[in-house]
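This report looks at a few local sites and at ring pairing. Please have the sequence and the model open.

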Amino acid sequence: MSAVTHDVTPGITTRDATGGLLFALLSAVSFGLSGPLARGLTDAGWSPGAAVGARILLGALVLVVPACLQLRGRWQVLRRNLAMIVAYGAIAVVVTQLCFFYAIQYMQVGPALLVEYTAPVLVVGWMWLRHGQRPGALTVVGAVVCAAGLVLVLDLVSGVQVSVPGILWALGAAVGVATYFVLSAHEAQGLPPLALAAGGLVVGGLLLAGLGLVGVLPMTWSTAPVEYAVGSTPWWLPVLGLGVVTAGLAYASGIEGIRRLGSRLASFVSLTEVLAAVLGAWLLLAELPGGVQVVGGVLILAGVVLVRLGEPRQVSERPAA
């Protein structure tokens with residue numbers, strides 16, 4: 001696995017940076033709505049597997065035609081990058097979303113997402129153990145601040161019983177997030193952003209369908225109305241939102257933003273997903289984090305920023321995408 005600090009900053013123009021920032025913000029907000037929308041579906045009788053499957057398959061349908069147009073008949077590009085597309089679909093798409101949707105069955109959306117966004121700390125630890133890239137003092141401080149924030153987010157200081165399954169699922173999602181940033185940052189031998197997003201979603205959808213067919217992953221759904229704090233809605237409306245907005249739009253704009261900004265800067269912008277998720281959970285689910293959890297969330301975000309600032313800066317010779 002390549003370092004998550006792979007950047008293209010030296011080649012970024014003002015136009016690239018502005019466009020990349022807009023794409024990254026759009027992606028973060030779109031991703032942030034997935035948890036609240038999915039929680040409504042699972043409360044209405046949908047299994048996490050069915051909610052993720054519907055989201056990924058609809059997202060794939062939305063992106064397949066634009067991806068084919070962007071490829072312009074260069075099908076050999078898909079063959080050259082097949083291994084990367086499969087890894088993206090299996091880990092960055094399926095593992096991330098499935099783990100997160102299972103996590104929010106045991107804990108609130110906001111805390112689950114904050115645990116998920118400890119991903120940069122996990123990546124730094126991996127690069128140290130696997131590749132010998134020793135973190136600097138600022139990185140270590142950031143990791144400690146992140147750990148302190150995690151204790152507060154999980155409300156461990158008050159002695160409240162925490163959900164171990166929820167924490168483990170959220171940490172699994174963190175692994176998927178790290179993979180998402182690493183794979184999205186690379187040009188992958190000319191593979192366009194839409195092709196990577198569509199290919200990953202197709203692979204993820206087929207994988208989930210296969211797991212459902214053999215009975216490994218429960219696939220249950222309901223046509224009953226879905227209840228949110230703002231009122232009742234037909235089941236197909238949140239499903240459509242999950243597929244079109246939080247999958248198709250989120251992955252396509254996210255890859256474009258990361259390639260323009262580099263994974264380092266894009267990961268800063270992606271922290272707005274936490275704010276979008278908390279706001280969405282408040283509006284749709286009437287979930288508000290407690291005061292201690294808010295402080296913990298601030299510490300986690302501050303810790304992630306310190307970790308990013310403390311990583312050794314790598315300069316890429318290639319120009320921005």
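## Thr-42 and its contacts

Helix H2, residues 34-43, contains Thr-42. The model is predicted. Thr-42 has a relative accessible area of 11% and is buried, because that value is under the 20% cut-off.

A polar atom of the Thr-42 side chain sits 3.0 Å from the backbone oxygen of Arg-39. The side chains of Thr-42 and Gln-105 share a polar contact of 3.2 Å. Beyond its neighbours within four places in sequence, Thr-42 touches Ser-47, Pro-48 and Gln-105.

## Ser-47 in the loop

Ser-47 belongs to the loop between H2 and helix H3 (48-71). Ser-47 is buried, with a relative accessible area of 8%. Outside its neighbours within four places in sequence, Ser-47 is in contact with Thr-42, Pro-218, Met-219 and Thr-220.

The C-alpha atoms of Ser-47 and Tyr-102 are 8.9 Å apart, with their positions 55 residues apart along the chain.

## Aromatic pairs

The structure has 5 aromatic pairs. One of them joins Tyr-88 and Tyr-251 edge-to-face, at 6.3 Å centre to centre and 70° between the planes. Tyr-88 is in helix H5 (residues 82-103) and Tyr-251 in helix H11 (residues 236-261), so the pair ties together parts 163 residues apart in sequence. Tyr-88 and Tyr-251 are both buried.

Tyr-102 and Trp-169 are stacked, because their ring centres lie 4.7 Å apart and their planes meet at 15°. This pair links Tyr-102 in helix H5 to Trp-169 in helix H9 (residues 164-184), 67 residues apart. Tyr-102 is buried at 16% relative accessibility, whereas Trp-169 is partly exposed at 30%.

Ring pairs also link Phe-31, Tyr-88 and Tyr-251 into a cluster.

Conventions:
Residues are numbered from 1 along each chain as its sequence is written. This is a predicted model: local features need pLDDT of at least 70, side-chain atom pairs count only at pLDDT 80 or more; totals for chains, interfaces and linings use all residues. Side-chain values use heavy atoms; hydrogens and water are left out. Helices (H or I, at least four residues) and strands (E, at least two) are DSSP runs, numbered from the N terminus. Buried means under 20% relative accessible area, exposed over 50%, partly exposed in between (1.4 Å probe, protein chains only). A polar contact is a pair of N or O atoms within 3.5 Å; within protein, one must be able to donate a hydrogen and the other to accept it, and residues adjacent in sequence count only if both atoms are side-chain atoms. Contact means heavy atoms within 4.5 Å. Rings of Phe, Tyr and Trp (its six-membered ring) pair if their centres lie within 6.5 Å; planes under 30 degrees apart count as stacked, over 60 as edge-to-face and the rest as tilted.
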